[in-house]
Amino acid sequence: MRRVLTAVVAGVAGLVLGGGVAVAGPQGGGVVGEWGVAPEADLSYHGAAVMDGGRMEVRVAPRNHGPSGVADSAVRLRWSVPLAAGVQRLPGGCVRVGAAEVVCRTGPLAADAAGERIEVGVRLRGRPEEVVLEVETAWSGGTVDRNRGNDRQRVLVLETGDVYYF
């Protein structure tokens, strides 16, 4: 059963939802839980993808627009077709978590700074003529991201060998 309580935190009214308090205040607020206020960060991802011969290469550049730094986070790459069966040679910090999904660690992201580029190459099942690639935050390191629109990318990649940017 979900309990909803009204609370006052540091002079600011909030709404308690299952153990956390959503707070809006002059400092931008955050989410208050058992351990205090969660910092706020704005993660985004840009990059490129190319598909040729049933293989897709993806480059992702994570960025944190702040205001707080992120000690660590993870980005999810999801394809509209399954990855080929068997072992995929993924870079360190990346793991296959489903039939068509890989999650990669971004590492620390300072406020208002870019992180290290992540390069992932995968083999796709069969030789699809087109694939939709989705890129989004899988884990934000305990920070609150109020602008989720820029950390979700979706790009159609055709099997032409051309580079598609997102």
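What follows is a chat between two people about a predicted model of one protein chain.

Colleague: I'm new to this one, so what am I looking at?
Modeller: This is a predicted model, in which local features need pLDDT of at least 70 and side-chain atom pairs count only at pLDDT 80 or more, while totals for chains, interfaces and linings use all residues. Residues are numbered from 1 along each chain as its sequence is written, and side-chain values use heavy atoms, with hydrogens and water left out.

Colleague: How many helices and strands are there in the protein chain?
Modeller: The protein chain has zero helices and 15 strands, where helices (H or I, at least four residues) and strands (E, at least two) are DSSP runs numbered from the N terminus.

Colleague: And how much of the chain counts as buried?
Modeller: Of the 166 residues, 42% count as buried; buried means under 20% relative accessible area, exposed means over 50%, and partly exposed is in between, with a 1.4 Å probe and protein chains only.

Colleague: What about contacts between residues far along the sequence?
Modeller: Among contacts between residues at least 6 apart in sequence, 65% join residues at least 24 apart, a contact being heavy atoms within 4.5 Å.

Colleague: Let's turn to the sheets. In what order do the strands of the open sheet come?
Modeller: Five strands form an open sheet in the order β9-β10-β8-β13-β14, and the pairing is antiparallel; two strands pair if DSSP finds at least two bridges between them. The edge strands are β9 (94–98) and β14 (152–158), each of which pairs on one side only.

Colleague: What holds paired strands together in general?
Modeller: Strands of a sheet pair through backbone hydrogen bonds, either parallel or antiparallel. Here, β13 and β14 run antiparallel and are joined by seven bridges, with E136 standing opposite R152 in β14.

Colleague: You mentioned E136; which salt bridges does that residue make?
Modeller: A salt bridge here is a side-chain nitrogen of Lys or Arg within 4 Å of a carboxyl oxygen of Asp or Glu, and E136 meets R76 in one of these at 3.2 Å, N to O. E136 lies in strand β13 (residues 130–139) and R76 in strand β8 (residues 74–79), so this salt bridge ties together parts that are 60 residues apart in sequence. E136 also meets R78 in a salt bridge, at 3.4 Å from N to O, and that pair links R78 in strand β8 with E136 in strand β13, 58 residues apart.

Colleague: Are those residues buried or exposed?
Modeller: Both E136 and R76 are buried, and the relative accessible area of E136 is 17%, whereas R78 is partly exposed at 26%. Salt bridges that share partners join R76, R78, E101, E134, E136, R152 and R154 into one network.

Colleague: How many salt bridges does the count come to?
Modeller: The count comes to 13 salt bridges. One of them is between D112 and R63, with the closest N and O atoms 3.4 Å apart; D112 is in the loop between β10 (101–105) and β11 (113–114), and R63 is in strand β7 (residues 55–64), 49 residues apart. D112 counts as exposed at 55% relative accessibility, while R63 counts as partly exposed at 28%.

Colleague: What surrounds β7, then?
Modeller: Strand β6 (residues 43–52) pairs with β7 in the antiparallel sense over ten bridges, and Y45 has P62 in β7 as its bridge partner. These two strands form a hairpin with two residues between them, and G53 in the turn has a positive phi of about 65°. Strand β12 (residues 118–123) runs antiparallel to β7 and is joined to it by six bridges, with E57 opposite G121. Two bridges join β7 to β11, also antiparallel, and R63 stands opposite A114 there.

Colleague: Which residues of β7 are on the covered face?
Modeller: The covered face has M56, V58, V60, P62 and N64, whereas R55, E57, R59, A61 and R63 are on the uncovered one.

Colleague: New topic: which cysteines are joined by a disulfide?
Modeller: A search of the whole structure finds one disulfide, a disulfide being a pair of cysteine sulfur atoms within 2.5 Å, and this one joins C94 to C104 with an S to S distance of 2.0 Å. C94 lies in strand β9 and C104 in strand β10, so the pair ties together parts that are ten residues apart in sequence.

Colleague: Why is that disulfide called right-handed?
Modeller: The torsion about the S-S bond of C94 and C104 is about 115°, so the disulfide is right-handed; both cysteines are buried.
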